[in-house]
Amino acid sequence: MTDLNRPARLNRTLLVLTGLVLLAGGLFAVGTHFGRIPLLEADTALVPGTAMPPGWAWYAVAGGALVVGLLTLRWLIAQPVRKPKSRTWRFDQDTGQTALAASTAVEPFTAEVGAYPGVHAAHATLGGTQDAPVLAVVLSAEQDGDLAAIRERVTGEGLPRLRQALDLEELPMTIEFRFSAKTGPRLQ
């Protein structure tokens, strides 16, 4: 199955690496302070001499800062990407070829799921290829919505109809629930 949330894996990896670097630096500082790591003497200057660094050092620092800034910008741009890449599906028949946009294929499914009780809004993306399709569904549920019942209804009613319409044996699906600030109608 296609990985639907690539930025999450990158975030976890970067957080683990940053945490390990900070932990190592902290252990080094504490170990040096208490004399457990005899690498530096307590009365030694942090930076040897008081002369300005060579001119190339400033360019190296600026280049390093530029690289870190570009990597950070790339990381920020990757954050909103949570949907699989959508493609146009092509069906070859004896009478010709039919092209179906994946967004058009999921519109009836999205409308049906959006009308379920407890669902405030529904968004779906059909990604992958015809041989390996994947469906990513984002549901905005009402505060008092029953998430288990909604999921059961999506997998029991909506998804089988979509699979039948697309003539697919299997359609892997992920559902992401978000809570809406609006509540459903109150029964008295």
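**View 1. L76 is partly exposed, at 48% relative accessibility.** Here "partly exposed" covers the range between buried, which is under 20% relative accessible area, and exposed, which is over 50% (1.4 Å probe, protein chains only). The structure is a predicted model, in which local features need pLDDT of at least 70, side-chain atom pairs count only at pLDDT 80 or more, and totals for chains, interfaces and linings use all residues. Residues are numbered from 1 along each chain as its sequence is written, and side-chain values use heavy atoms, with hydrogens and water left out. L76 sits in helix 2; helices (H or I, at least four residues) and strands (E, at least two) are DSSP runs, numbered from the N terminus.

**View 2. L76 has company in a nonpolar surface patch.** The members are L10, L14, V16, L17, L20, L23, L27, W75 and L76, and together they have about 830 Å² of accessible area. Two or more residues of the patch come from each of helix 1 (6-33) and helix 2 (55-78). Helix 1 gives the largest share, 7 residues. To join a patch, a residue needs over 30% relative accessible area and no salt bridge; nonpolar side chains (Val, Leu, Ile, Met, Phe, Trp, Tyr) are then joined within 5 Å, and like charges within 9 Å. The areas come from the Shrake-Rupley method with a 1.4 Å probe, and for residues only the protein chains shown count as cover.

**View 3. Step back, and the whole chain shows 4 helices and 5 strands.** Starting at the N terminus, the order of the elements is α-α-β-β-α-β-β-α-β. Of the 188 residues, 26% count as buried. The chain exposes about 13,700 Å², and carbon and sulfur atoms supply 61% of that area. Contacts, meaning heavy atoms within 4.5 Å, often reach across the sequence: among those with a separation of 6 or more, 61% are between residues 24 or more positions apart.

**View 4. V113, in helix 3 (residues 102-114), is a good residue to zoom in on.** V113 counts as buried because its relative accessible area is 0%. Which residues does V113 touch, leaving aside those up to four places away in sequence? They are V119, A122, L139 and V154. H123 lies 10 residues from V113 along the chain, and the C-alpha atoms of the two are separated by 9.0 Å.

**View 5. Helix 4 (residues 147-166) bends by about 35° at V154.** This angle is taken between two axes, one fitted to the seven residues ending at the residue in question and the other to the seven starting there. V154 is also one of the buried residues of helix 4, together with I150, G158, L159, L162 and L166. What covers these buried residues? The cover includes strand 1 (88-93), strand 2 (96-101), helix 3, strand 3 (119-128), strand 4 and strand 5 (173-179). Just after helix 4, D167 takes a positive phi of about 55°.

**View 6. E112, R153, E157 and R161 are linked in a network of salt bridges.** Side chains of opposite charge can pair when their charged atoms come close. A salt bridge here is a side-chain nitrogen of Lys or Arg within 4 Å of a carboxyl oxygen of Asp or Glu. The whole structure has 4 of them. In the pair of R161 and E112, the closest N and O atoms are 2.4 Å apart. This pair links distant parts of the chain, with R161 in helix 4 and E112 in helix 3, 49 residues apart. R153 and E157 meet at 3.0 Å, N to O, while R161 and E157 meet at 3.9 Å.

**View 7. Look along helix 4 to see how E157 is placed between its partners.** R153 and E157 are 4 residues apart in helix 4, about one turn of the helix, and R161 and E157 are likewise 4 residues apart there. An α-helix has 3.6 residues a turn, so residues three or four places apart point the same way. R153 is partly exposed at 31%, as are E157 at 32% and R161 at 44%.

**View 8. S140 brings us to strand 4 (residues 133-141).** Is S140 buried or exposed? S140 is buried, because its relative accessible area is 17%. Apart from residues up to four places away in sequence, S140 touches G118, V119, H120, A121 and R178.
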